[in-house]
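Please walk through the structure shown below, with attention to how its helices pack against one another and where a few individual residues sit.

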Amino acid sequence: MQADGAALERPGSVLLGRWVCVAGVAALVVMTGGWLFLGTGTVRTVSVGAGLVALLACVLMVGGQTRSGGRMSRVEAYAAALVSVRAHGTKRKGVPAVPAVVLGARWCWIRVTALSVAVVTAGVLAVCLGFAQPESSATAGALVDAGYVVEELPIVAVDDVDAAGSSSRSSTTARYTVELPAADGGGAVPATFRADNGKGIREVGEEYVVAYAPERPRLGAVGDISVEAVEARLDGRALPYRNIPFVAVAWAVAVLLAVAVGTGVASRPRRERRVGGDWVALRATVTGQAEHVEEAAAAVAAQNGGKSGKSGKSAGRYACLMLATEEDGTGAGAEVPLVISAKLSAAAPLVTGTTGWLLWDPRGGGKAKSAAEFVADDGWQLPGRVPGAVAARIAAAPRGPVPIDTGRRTGLLELGAFWPRTVSVGLLVGLLVAAAAVGALLVPVNGGWRVWVALVVVLAPLAGQLVAKDSTGAPVVAVESP
């Protein structure tokens, strides 16, 4: 059974995937930043609310795309990408020459990086929503308007205790009562407030940091464990000023690590480049999937009796596409490994047997891997990377002139472009549950329940994906292999 051809050719899934990668992650970052660093006001309300709505819209649109067009397996999504890109390439009779321009490739890197940043930011948001809740009571606003002072006052009563765990050191929210000095010098005025203590509960007689209006003590009080925390609650901020730099730096470092992960998995974004006469151009045929072992890793394995190390694994050993070349300067039929950013077990069967040109610029190669392009004879271009040692060996050998066709155009093969059609129902449900949990945590009510709901934010998508992997009856769309 073949899928609806119109469904494969239309760019809806591809455009939706790109929009979600950019808008969804931006909404998550704006919502998290607004929640952590802004005080109570219109700006924070709009940023947090708009971010949550945008995230829900992304999940619902991906679900709608899957429901309307049918869910695809990864192999079917790769095949759909291959079918759609073939229409954009220029086809030539016989052996086509090398295109004068190779296309830039950036969306694979954006997808991987966006996912990494989203995971990191969602974790930051869940932790901060679970442990930090801005003050939004009328008391805080009234104290700010009336003019307040912050003092340490003894606790005279404790009740309505809500502990996050059974340990005596668990985070505990309780209602504390202190006595405020009367404005006219008369009897003390009792004031009650709820506060969270990070370790256990404060007892009667201990002092608590409290803000109150000396001229109007009957307005009540706002208390917390430090002066900075009290002022943050009065300002409506989730974090005290002294904690903001630490959280901001930790978040920034985590985001940079996420970007590094994206670059390591998908390589750096590539701009459009013009092929020169000094480029390496090899006629090659994809022979399938294999494991490549770097020369250094192979030497270590030989010294260890065939093992790469204590665990038997090595960073110099990885799966890749293998291309049989017609000429590489050292003899006919040599094989060149090409690392691609895709699941090889799904991609290799689709491109095996395809003949084309393997190209790279020897001047721009890295020590580990050199950016390369495989340009198929039927008009598509697949970005990849050739191991640095292999690229250097081939580039150093004598080569003939590069035949360039200035009129030839190619289409970029983005194997992951149809990812919205591969999202499982279980994962979508998990994301909706997580979004609902975030909405619940935005409610200005403190308590030990917040920690458990924050765990739901993190675990619901994971559980949904695990359920989806165990499911055997998921409907998919069958696509003919090109």
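At what angle do α3 and helix α12 pack, and how far apart are their axes? Before turning to that pair, it should be said that this is a predicted model, and that the chain as a whole offers some useful context. The chain holds 13 helices and 16 strands, and of its 482 residues 46% are buried. Among the contacts in the chain with a separation of 6 or more, 74% are accounted for by residues 24 or more positions apart. The accessible surface of the chain amounts to about 23000 Å², and carbon and sulfur atoms contribute 60% of that surface.

To return to the opening question, α3 packs with helix α12, which spans residues 425–441, at an angle of about 165°, and their axes are 10 Å apart. Angles over 145 degrees count as roughly antiparallel, and α3 and α12 are therefore roughly antiparallel to each other. Their crossing is left-handed. On the side of α3 the contact is made by Leu52, Leu56, Val59, Leu60, Val62 and Gly63, while α12 contributes Leu428, Leu431, Leu432, Ala435, Val438 and Gly439. Sorted by class, this contact of α3 with α12 has ten nonpolar and two polar residues, and no charged ones.

Gly439, one of the residues that α12 brings to this contact, deserves a separate look. With a relative accessible area of 27%, Gly439 is partly exposed, because the partly exposed class lies between the limits of 20% and 50%. The C-alpha atoms of Gly439 and Val53 are 10.0 Å apart in space, although 386 residues separate the two in sequence.

The next pair shares α3 and brings in α2. Helix α2 covers residues 12–37 and helix α3 covers residues 42–69, and their axes come within 8 Å and cross at roughly 155°. That angle makes α2 roughly antiparallel to α3, and the crossing of the two is left-handed. In this pairing Gly12, Ser13, Leu16, Trp19, Val20, Gly24, Ala27, Leu28, Val30, Met31, Gly34 and Trp35 of α2 meet Arg44, Ser47, Val48, Gly51, Leu52, Ala54, Leu55, Cys58, Met61, Val62 and Gln65 of α3. By class, the contact of α2 with α3 comprises 15 nonpolar residues, seven polar residues and one charged residue. Two residues of α3, Leu52 and Val62, are on the list for the contact with α2 and also on the list for the contact with α12.

Is Thr66, a residue placed in helix α3, buried or exposed? Thr66 is buried, since its relative accessible area is 7% and the limit for that class is under 20%. If residues up to four places away in sequence are not counted, Thr66 touches Arg71, Pro420, Arg421 and Val423. The C-alpha atoms of Thr66 and Ser13 are separated by 9.0 Å, with the two positions 53 residues apart along the chain.

The remaining helix pair joins α2 to α5, and here the directions agree. The axes of α2 and α5 come within 9 Å and cross at roughly 25°. Because angles under 35 degrees count as roughly parallel, α2 and α5 are roughly parallel to each other. α2 passes α5 in a left-handed crossing. The residues of α2 that make the contact are Arg18, Cys21, Val22, Val25, Leu28, Val29, Met31, Thr32, Trp35 and Leu36, and those of α5 are Trp107, Ile110, Arg111, Ala114, Val117, Ala118, Thr121, Ala122, Val124, Leu125, Cys128 and Leu129. By class, this contact of α2 with α5 has 18 nonpolar, two polar and two charged residues.

Val120 is found in helix α5, which runs over residues 107–131. At 23% relative accessibility, Val120 counts as partly exposed. Leaving aside neighbours within four places in sequence, Val120 is in contact with Trp251, Ala254, Val255 and Ala258. For one of these partners, Ala254, the C-alpha to C-alpha distance from Val120 is 6.5 Å, with the two residues 134 apart in sequence.

A last residue to locate is Ser84, which lies in helix α4, residues 74–86. Ser84 is buried, with a relative accessible area of 19%. The C-alpha atoms of Ser84 and Gly411 are separated by 9.1 Å, and the two residues are 327 apart along the chain.

Conventions: Residues numbered from 1 in each chain as written. Predicted model: local features only at pLDDT ≥ 70, side-chain atom pairs only at ≥ 80, totals over all residues. Heavy atoms only, no water. Axes fitted to C-alpha atoms, helices over the stretch in contact; angles between N-to-C directions. Helix = DSSP H or I, 4+ residues; strand = E, 2+ residues; numbered from the N terminus. Parallel < 35°, antiparallel > 145°, perpendicular 65-115°, else oblique. Left-handed = near helix turned anticlockwise from the far one by under 90°. Contact = heavy atoms within 4.5 Å. Nonpolar A, V, L, I, M, F, W, Y, C, P; charged D, E, K, R; others polar. Buried < 20%, exposed > 50% of the residue type's maximum accessible area, 1.4 Å probe, protein only. Areas by Shrake-Rupley, 256 points an atom, 1.4 Å probe, with all protein chains shown as cover.
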